Amino acid sequence: MSKKKGDSKFLDSVNQMYDRAVALLDLPPGLPEQIRSCNSIYEVRFPVKIGDGYKVFRGWRACHSEHKLPVKGGIRFALEVNQEEVEALAALMSYKCAVVDVPFGGSKGGLCIDPKEYTRDELQRITSRFARELANRDYVSPSLNVPAPDMGTGAREMAWIADTYRTLHPDDIDAAACVTGKPVPMGGIQGRVEATGRGVQYGLQEFFRHEEDVADAGLSGSLEGKRIVVQGFGNVGYHAAKFLEEEDGAKIVAIVERDGALQNDAGLSVERVSEYMRETGSVKGFPDATYVADGRPVLEVDCDVLVPAALESQITSENAGRIQARVVAEAANGPVTFEADQILRAAGKIIIPDLYLNAGGVTVSYFEWIKNLSHMRFGRMERRMQETRTQQALALLKSVTKAQIPEPLERSMQREMDELNLVRSGLEDTMREAYQHIRLVWRERDDVPDLRTAAYLSAIEKIAHYYTEYAVG
Ligand code: NAD
């Protein structure tokens, strides 16, 4: 999406949002600059034999804040990746981890590559080589720097990274914890693939529990029947749309992809669109929807919630004034520029900010990391005991009351304490608590105009506290 001349670049946008919040705090001189700056960035170029020749690849890994270790953040594979983007994403990771109380610093990595141009075997060799370059300099390590999936990468790439690290460090008993988002048989965790989209759902559910916030957006009621437009139908966009449609009764009235958009006022079937995309590689030609070749104006259609879930700088000063959604739910990182943010807020829109809303991924990554360090899946020790106790409690209740226990209650009591349910419970709790905290900052402080500033403020306060109380300078 073209940026209007004068719109801040991604890193500048993040820094200006940070500056706006930090100005409201009374921190010791120098500390605001320290928290804002990227501690280190490593740029690497490496060759991989492709066909008869060699191809040189360029990648980065940034450590934004090491106030807590390990640092954590995804690895992105895309042609547009550049150093500033990686720094901006790493900064967002530091703030995000602080917002949801995940004990990591912030990092991010990126490789300039269009994954679609390579075979599976070539991609495996490229990823392994990149991982080796990073691991040799401690930019992949269970105790120092733990990557995860991002745009263009998934469980498969994480498995290759873990395998590379293990080969380099065969004596590291915690090697599996060097990366998260792995396939479950390789030490991954149930629920990680869906985690960011699931977190978006839990975040939106929590927003709709607060009548005052919903009313400020000019809306009422719950997610049921709300008209939602989703941009980006990858890991995050697909899962968020699926759960909002199937579990909350929302209507997905448009899906905007790279190659066009699908619109249907009665609501699209997310699963059917996904199957169609898997089969054809495109949204074009999907039945039961109007296809629009230029997806960009579809962000501006009348709807209740707009969920940008593709990439940064999608809502700029060029199109912000035409956005009709009442709520902008930032599933992607940095989808709204600093300038667009001001235009949207002046128009009375509520923005649920990225550094809160897409934190589901890193939250479940934290659970995976803990699982890897403990070398045991969650629920293994207590599942049977809990099952027996529930059966005993139900039997007792039935014998004492002689009454029929309502079926939903019985089902809920019998819900297994298995890994997936535990992960979902932990994620829901995290997303609900974090929203309640940032909305309190927003509501209680007259100088905090919106949820984004509240989220930055909350993150900066927590990181600053760590520096002033525990760090030796
Ligand atoms: P992905 O690669 O799985 O999906 C991205 C989708 O966006 C793809 O389907 C792509 O075709 C589409 N897209 C790209 N450019 C587009 C455009 N101009 N218009 C419309 N669609 C476009 O990536 P993802 O993992 O879903 O990540 C999406 C966003 O969410 C990124 O900003 C990422 O940083 C953020 N995020 C991801 C995670 C995670 O766990 N994967 C966690 C936190 C944040």
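This report walks through the ligand site and the enclosed space of a predicted model.

## Around the ligand

Let us start with the ligand and its neighbours. The shell around the ligand counts 23 residues, and those that come nearest are Arg76, Asp150, Thr196, Glu257 and Asn333. Sorted by class, this shell has 9 nonpolar, 9 polar and 5 charged residues.

Which parts of the protein supply the shell? Domain 1 (40-186) and domain 2 (191-376 + 418-473) each give at least three residues to the shell. Looking at individual elements, helix H8 (235-248) and strand E7 (251-257) each provide at least two of the shell residues.

## Backbone contacts and burial

The protein backbone also meets the ligand. A backbone N or O atom of Asn235 sits 2.9 Å from an oxygen atom of the ligand. For Val236, a polar backbone atom is likewise 2.9 Å from a ligand oxygen atom, while for Ala310 the distance from a backbone N or O atom to an oxygen atom of the ligand is 3.4 Å. On its own, the ligand would expose 830 Å², and the protein buries 86% of that area.

## An enclosed space

Now to the cavity. The structure has 1 cavity of 30 Å³ or more, and the space in the largest cavity is about 30 Å³. Its lining includes Phe10, Ser13, Val14 and Met17, along with Asp354, Arg452 and Tyr456. Helix H1 (10-22) and helix H16 (451-470) are the elements that give two or more residues to this lining.

Which helix gives the largest share of the lining? That is H1, with 4 residues. By class, the lining of the largest cavity is made of 6 nonpolar, 2 polar and 2 charged residues.

Definitions and conventions: Residues numbered from 1 in each chain as written. Predicted model: local features only at pLDDT ≥ 70, side-chain atom pairs only at ≥ 80, totals over all residues. Heavy atoms only, no water. 1 Å grid on protein atoms, 1.4 Å probe; cavity = no way out; pocket = protein on both sides within 12 Å on 5 of 7 lines; lining within 4 Å. Points joined across faces, edges and corners; volume = space filled by probe spheres on them. Nonpolar A, V, L, I, M, F, W, Y, C, P; charged D, E, K, R; others polar. Near = heavy atom within 4 Å. Polar contact = N/O pair within 3.5 Å; in protein donor to acceptor, adjacent residues only side chain to side chain. Areas by Shrake-Rupley, 256 points an atom, 1.4 Å probe, with all protein chains shown as cover. Domains from an automatic or database assignment.
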